[in-house]
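Colleague: I am new to this structure and should like to learn how its empty spaces and its strands are read. May we go through them in turn?

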Amino acid sequence: MVNLKVGGVPEHFNYPWYITLKNKEYTKKGINLRWTDYHGGTGQMCKALRSGEVDIAIVLTEGIIKDIANGNPSKITQTYIKSPLIWGIHVGDKSKFKKISDLEHATVAISRFGSGSHLMAIVNAHNNGWDIDKLKFKVVGNLQGGIDALTNGEADYFMWEHFTTKPLVDNGTFRRLGDCPTPWSCFVVAVRNEVLENNFEEVKAVLDIINNCATDFKKIENIDKTLAKRYEQQLVDIQKWLSITEWNDGKPMSKNLIGRIQNKMIHFGVIDEKKKSSEFIKNMYF
């Protein structure tokens, strides 16, 4: 058996991994695949890829591109979710802020520097014409840290995936002032270069299995009810999320797409210079 470690956020996007692991589909291919939840999101997973703590990670596109540009020894093998991620812009329930424009000089809670919550705060600021250099950040680690920071007044607003935080809006922990969609497909699969070199065929088998599950994921009987119960969501919210979310069918990420995303990230001031697309992607299918 070949041992491989995979990680991702404990959110509804990654339920296909739970299904395929439960069905022991990787074991049938001689792969001992172990899943780890990363509550700290993409910033935490980029660090785990660098250290070898995880071999394969389901990470946000903007986060891993920035980290590979900064030396992370990994490659993007494919898009995982090809639709944008909808980032909710949240304040505490008792916050004085009423609309997004009120937040221009406010302190934003982020899980880590280089994380999606950090980079999308920059995108949101750019969209609203704010001075990005004057953004103030408070590092909070994860979603619970964001809850604590907004409740305690250590930060003023926090951006996290719309549907994951919807129960917190429903119960009055957060108020959502608006949304900010990613200007690109949201989740990709990143694999450490060492693993691609030593276990290429096993990684390809893992991707084949997860892509096969994801292709028919929405057709699974009562999947909306299953997800609503598991992730403590309202059924109507899960149904809306399913309607706007598209999984990739296994096609590799194109060099043109990497180039376009880099152009946008340079425009937003997230990365300094454009690099060759081949530095970011590894095509598993020739």
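Colleague: How many nonpolar, polar and charged residues are in the lining of the largest pocket?

Modeller: A lining can be read by sorting its residues into classes. In this predicted model, the lining of the largest pocket divides into seven nonpolar, six polar and three charged residues. The volume of this pocket is about 390 Å³.

Colleague: Which residues lie nearest the centre of the largest pocket?

Modeller: Of the 16 residues that line the pocket, P10, E11, L143, T164 and Y231 lie nearest its centre.

Colleague: Which helix gives the most to the lining of the largest pocket?

Modeller: That is helix 5, with three residues. Two helices, helix 5 (143-152) and helix 6 (166-170), each supply at least two residues of this lining.

Colleague: Let us turn to the cavities. How many of 30 Å³ or more does the structure hold?

Modeller: A cavity, unlike a pocket, is a space from which the probe cannot get out. The structure holds two cavities of 30 Å³ or more, and the largest has a volume of about 140 Å³. Among the 16 residues lining the largest cavity, V9, E11, L60, W87 and W160 are the closest to its centre. E11 is thus named for this cavity and also for the largest pocket.

Colleague: Which elements give two or more residues to the lining of the largest cavity?

Modeller: They are helix 2 (41-51), helix 4 (116-127) and strand 8 (157-161). By class, this lining has seven nonpolar, seven polar and two charged residues.

Colleague: What lines the second largest cavity?

Modeller: The second largest cavity holds about 40 Å³ of space. Its lining consists of F13, S83, P84, L85, I86, E161, F163, W241, I244 and T245. Seven of these residues are nonpolar, two are polar and one is charged.

Colleague: I should now like to consider a strand. Why is strand 4 described as largely enclosed by the rest of the structure?

Modeller: Burial is judged residue by residue, and buried means under 20% relative accessible area. In strand 4 (residues 74-81), eight of the eight residues are buried, so the strand is largely enclosed by the rest of the structure.

Colleague: How many bridges join strand 4 to strand 10, and in which sense do the strands run?

Modeller: In general, the side chains of a regular strand alternate between the two faces of the sheet. Here, six bridges join strand 4 to strand 10 (residues 187-192), and the two run antiparallel. As one case, Q78 has V189 of strand 10 as its bridge partner.

Definitions and conventions. Residues are numbered from 1 along each chain as its sequence is written. This is a predicted model: local features need pLDDT of at least 70, side-chain atom pairs count only at pLDDT 80 or more; totals for chains, interfaces and linings use all residues. Side-chain values use heavy atoms; hydrogens and water are left out. On a 1 Å grid over the protein atoms alone, a cavity is a set of points where a 1.4 Å probe fits but cannot get out, and a pocket is an open set with protein on both sides within 12 Å along at least five of seven lines; lining residues have an atom within 4 Å of a point. Grid points are joined across faces, edges and corners, and a volume is the space filled by probe spheres set on the points. Helices (H or I, at least four residues) and strands (E, at least two) are DSSP runs, numbered from the N terminus. Ala, Val, Leu, Ile, Met, Phe, Trp, Tyr, Cys and Pro count as nonpolar, Asp, Glu, Lys and Arg as charged, and the others, Gly among them, as polar. Buried means under 20% relative accessible area, exposed over 50%, partly exposed in between (1.4 Å probe, protein chains only). Two strands pair if DSSP finds at least two bridges between them.
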